[in-house]
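Colleague: Could you give me a close look at one part of this model, the pocket that comes second in volume? Some context from the top-ranked one would help too.

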Amino acid sequence: MTASPVLWTLDERGVATVTLNRPEVNNAYDGALIAGVLAAMDDLAKEPNLRVVVLRGNGKHFQAGADLKWINGVRPQSAEANEAASQATFEAVQRLNTLPIPTVALVQGGCFGGGTGVIAACDVVLAADNALFSITEVRWGLTAAIIIPQLCDAISVRQVRRYALTGERFGADDARRIGLVHEVVPLAELDAAGAKVVEQLLANGPDAMAETKRLALESSFGGMAVDDAAYKRLVHLHSLKRQSAEAAEGLASFAEKRAANWGGGKG
C-alpha cells in the first residue's frame, strides 16, 4: 500500500507534527499531496487540545515546489480543471497562513517554488545550514501568483522583485537576511531548535496567541487584507499561465533536460 503523501501526529501536549511525505521526489507537490495537506488541516481542526503545528519534510529536502510532471499533466486539461488545481493549492497555503494556531516550519535541503510560499505562510521558520531556496516558477514559464502575497509579507516587495524574477538559488544565510527564515542552525540541531520554539509557544496563552496572529494578519498584505476577489484573480492568473505557450515550452525544457527556447515571444 502506498504511503500517504502527508502524515500527521499529535502528542499529549497538543503539538501536531505534519510531515510532507514524498521523499522520492523531494516532497514535490501534486494533487494528492495538496489534498493531504487540506485533509490534515481538516482533521487537526477537530482536535480540541491543538496548541502548535510543526511542519516538516521527510527525507533530504523540505519541499521542492510543484511536481512538474503533474503540472504537465494538468496543463492540457480544461480551464476548469486547471483553475481547480490552482484553487486547491491556494487553499492549502492559505489554510496554513490563517490557522489560529502557531505554526513552525523546519527546513532542510531544498525549498523551492511553492515551498517558499508554504514557509512564508508559517509563523516561525527555522532552517538548517544546508537549506537552499529558490522562487523557481519563472524558469518554467509559470508564475508564483498564488504565493506572491505571502512572499511579499515575509521578504518585502523589493526582495520578491529580485528573487521571483531571477529564480536564482540562495542559501540559508541569505534567506535569513531577507526575512524568509528566522533562524539558521546546523542540520544536526534543527530538531532541538524546533523543540525550543515549541516550548516557548506552549508557555503562552492560546487565546492570546490566536488573537495576536489574527491582528497581525489583518495588518498584512498576505493575510486578510487581500480580499476574496483579489485572491480569486490570483488563482485565475495562476491557472491561466499554466496553459500558456510559454509554460508549454518551459515544461518541455524540463522534461527534455535542455535550456528553454523563449524566442522573444509572449506566452
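Modeller: Sure, let's begin with chemistry: the lining of the second largest pocket splits into 15 nonpolar, 6 polar and 3 charged residues (Ala, Val, Leu, Ile, Met, Phe, Trp, Tyr, Cys and Pro count as nonpolar, Asp, Glu, Lys and Arg as charged, the others, Gly among them, as polar). Keep in mind that the model is predicted, so local features need pLDDT of at least 70 and side-chain atom pairs 80 or more, while totals for chains, interfaces and linings use all residues. Residues are numbered from 1 along each chain as its sequence is written, and side-chain values use heavy atoms, without hydrogens or water.

This second largest pocket holds about 390 Å³ of space (the volume filled by probe spheres set on grid points joined across faces, edges and corners). It has 24 lining residues, with Ala120, Ala121, Cys122, Asp123 and Leu217 closest to its centre. (A pocket is an open set of points on a 1 Å grid over the protein atoms alone where a 1.4 Å probe fits, with protein on both sides within 12 Å along at least five of seven lines; lining residues have an atom within 4 Å of a point.) Two or more lining residues come from each of helix H4 (114–120), strand S6 (124–128), helix H5 (148–166) and helix H8 (206–218), and H8 gives the most, 6 residues. (Helices, H or I of at least four residues, and strands, E of at least two, are DSSP runs numbered from the N terminus.)

For context, the largest pocket has about 720 Å³ of space. Its lining numbers 31 residues, with Ala64, Ala66, Asp67, Leu68 and Phe254 nearest the centre. By class, that lining has 12 nonpolar, 12 polar and 7 charged residues. Helix H2 (68–74), strand S5 (110–112), helix H9 (228–242) and helix H10 (245–255) each supply at least two of them, and H2 has the largest share, 4 residues.
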